[in-house]
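Please look through the model shown here with an eye to how its chains meet and how its strands are arranged. The paragraphs after it take these two topics in turn.

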4 protein chains.
Amino acid sequence: MTDAPYHGHFVGPEHRFALRVYFEDTDFSGVVYHANYLRYFERARSDMLRVAGIDQAAAHANGTGVYAVAAMDLKFRSPAHFDDALLIRSHVTDVRAASCHIAQGVYRDDVLLCEAMVTAAFLSPSGRPTRQPKDWLAIYKALMPGADPKGRPVT
Amino acid sequence: MTDAPYHGHFVGPEHRFALRVYFEDTDFSGVVYHANYLRYFERARSDMLRVAGIDQAAAHANGTGVYAVAAMDLKFRSPAHFDDALLIRSHVTDVRAASCHIAQGVYRDDVLLCEAMVTAAFLSPSGRPTRQPKDWLAIYKALMPGADPKGRPVT
Amino acid sequence: MTDAPYHGHFVGPEHRFALRVYFEDTDFSGVVYHANYLRYFERARSDMLRVAGIDQAAAHANGTGVYAVAAMDLKFRSPAHFDDALLIRSHVTDVRAASCHIAQGVYRDDVLLCEAMVTAAFLSPSGRPTRQPKDWLAIYKALMPGADPKGRPVT
Amino acid sequence: MTDAPYHGHFVGPEHRFALRVYFEDTDFSGVVYHANYLRYFERARSDMLRVAGIDQAAAHANGTGVYAVAAMDLKFRSPAHFDDALLIRSHVTDVRAASCHIAQGVYRDDVLLCEAMVTAAFLSPSGRPTRQPKDWLAIYKALMPGADPKGRPVT
């Protein structure tokens, strides 16, 4: 058994990322603190990109740029609790020269608990919007649900 | 000099809450991590309610209910950095029987860095939407910008 | 492929838990923020107990009790960076009627980055130290390195 | 009324920093999550240095260096709850060429809830221990309880 970190996997164009709710994620009202869903979403996005072949760490280290969340539309539908097994499902909905758009949902079994529409802007080291690398654009386009009729999410 | 925690103050219907960016708030890209703005917003909302006379801790302790964020629309316009002095400006935009709506912005000097439209639902101990206490509704209505022509925010 | 959350595994008496460093874990100095190692340690402890057969969520839900960290001795030896693959190695060092003691280390490859000696107290719902369930004591004793000569950590 | 962030104040050599417990600080067991005390301690240390005249942000920006926590010894004595008004009391216990040692406690009224002995190392931009600026050493020495018989903490 290897000790490599978990990073989820794709089912068609959809990335799936399972996680457990720990003490740190909850608040005294007994459920997951709303801001912590954003941490879940970001872990899932980072690993979706990793699995797809986009190396964010290298892009930051070599001065190409870094992603920053530019907008987020969130709906909190139902609470998650300590020890719940959750699944983050993410897919690319659009890609532009300097941004990408990702839809994400947190599920427990088949129940949608929280959903997000995320706009991530790619920024140069000085913080200005800048074009994503060309090979990343190709990766995003291949990940979009319409890209491959056989690549539809299995639900 | 007293040692009471800071809780901001109202200027007309607008609550103002100053805070400093600490190590914990930033990430390796050099700026405030996007999810941490939600922690800022929640601190400011909690203290807005406190200053207005709404006691969330008592309502939870006596079984009346607790707020949960139901929806949030976020725009991240410009980054904040370590050691920045920020100001969270919040005002009530609407109140319903079982929810309230609050607009919030994070400012550095007079520059808007991040803004949020927040819907908070009031939940019973079993987690169902429930009516807010009547005296709270009266407080929210008095806080809405249109409530008092003399109460407009000073900008 | 299943979508069950990752929970690490035992090698002899040592629990191993791999994780990735995400944006949320770092600060503007470029490395993992010191307090976030405590979140890593707690995830690993929770999953060590889970894998060993101790159900913390049930114990809380049925009013038996809940763990609280009572003491922690931390050494931060070397920094971890964004995107690092880390391994948390944990083992029980002692167990008393109302507490357990766990040694934990964060490793990148074979380099120890951070280590912790943790005392966790078991508390009744009213917050008083209380005896851990008897079957948990038996589990802890079986997990202690001296318990089984064949159970020594593979390093 | 100004909108400058709160930063606490000195009483003799002791820095006092009041704060409120918010939703984000608690976990489902109903009390402050243990790792979040480290965030409180770090805010208090940062503001202790700020008030004393040590500018960490400038030292980082101009390449002088940055502090990293090297060791921490923590005792969690009693829990804090949502909405509690807490006071962080901090004082310098020792200073060396490349490190400083700070004792910190979290109090509710006069009850000690959590205490920490902290060793902070000063690191060059490449991450190596490096000497703190000379004028900082002078500031630390002036802050040590033995430095001024009239400067003892008022308790």
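What follows begins with a sheet shared by two chains and then turns to the contacts made with chain A.

This is a predicted model, and a good place to enter it is the open sheet of 12 strands, whose pairing is antiparallel. Reading across the sheet, the order in chain C is S1(C)-S2(C)-S4(C)-S5(C)-S6(C)-S3(C), after which the sheet passes into chain D as S3(D)-S6(D)-S5(D)-S4(D)-S2(D)-S1(D). Strand S1 (9-11) of chain C and strand S1 (9-11) of chain D stand at the edges, and each has a single partner strand, so one side of each is left without a neighbour in the sheet. On average, and with direction ignored, neighbouring strands of this sheet are turned by 30° against each other.

Where the sheet crosses from one chain to the other, strand S3 (residues 66-76) of chain C runs antiparallel to strand S3 (residues 66-76) of chain D, and 5 bridges join the two. Within this pairing, Asp73(C) stands opposite Asp73(D) in S3(D).

Helices of chain C lie against these strands. H1(C) packs on the sheet and touches S1, S2, S4, strand S5 (99-108) and strand S6 (111-123) of chain C, with its direction making about 135° with that of S2(C). Helix H3 (residues 134-143) of chain C, for its part, lies across S4 and S5 of chain C and runs at about 115° to S4(C).

Chain C also meets chain A, in a contact that takes 23 residues from chain C and 23 residues from chain A. On the side of chain C that touches chain A, strand S2 (14-20), helix H1 (36-52) and strand S4 (85-95) each supply at least two residues. By class, that side of chain C has 12 nonpolar, 3 polar and 8 charged residues.

How are chains C and A related? A rotation of 180° with 0.0 Å of shift along its axis superposes chain C on chain A, with an RMSD of 0.0 Å, and that is the relation of a two-fold axis. Among the residues of chain C, Tyr6(C) comes closest to the rotation axis, its C-alpha lying at 3.4 Å. Because 100% of the interface residues of chain C are also interface residues in chain A, the copies meet through the same surface.

Chain A has a further contact with chain D, to which chain D gives 9 residues and chain A gives 9 residues. The residues on the side of chain D that touches chain A divide into 5 nonpolar, 2 polar and 2 charged.

Notes: Residues numbered from 1 in each chain as written. Chains lettered and ligands numbered in written order. Predicted model: local features only at pLDDT ≥ 70, side-chain atom pairs only at ≥ 80, totals over all residues. Contact = placed C-beta atoms within 7 Å. Helix = DSSP H or I, 4+ residues; strand = E, 2+ residues; numbered from the N terminus. Nonpolar A, V, L, I, M, F, W, Y, C, P; charged D, E, K, R; others polar. Pairing = 2+ DSSP bridges. Axes fitted to C-alpha atoms, helices over the stretch in contact; angles between N-to-C directions. Least-squares fit on C-alpha atoms with pLDDT ≥ 70 in both.
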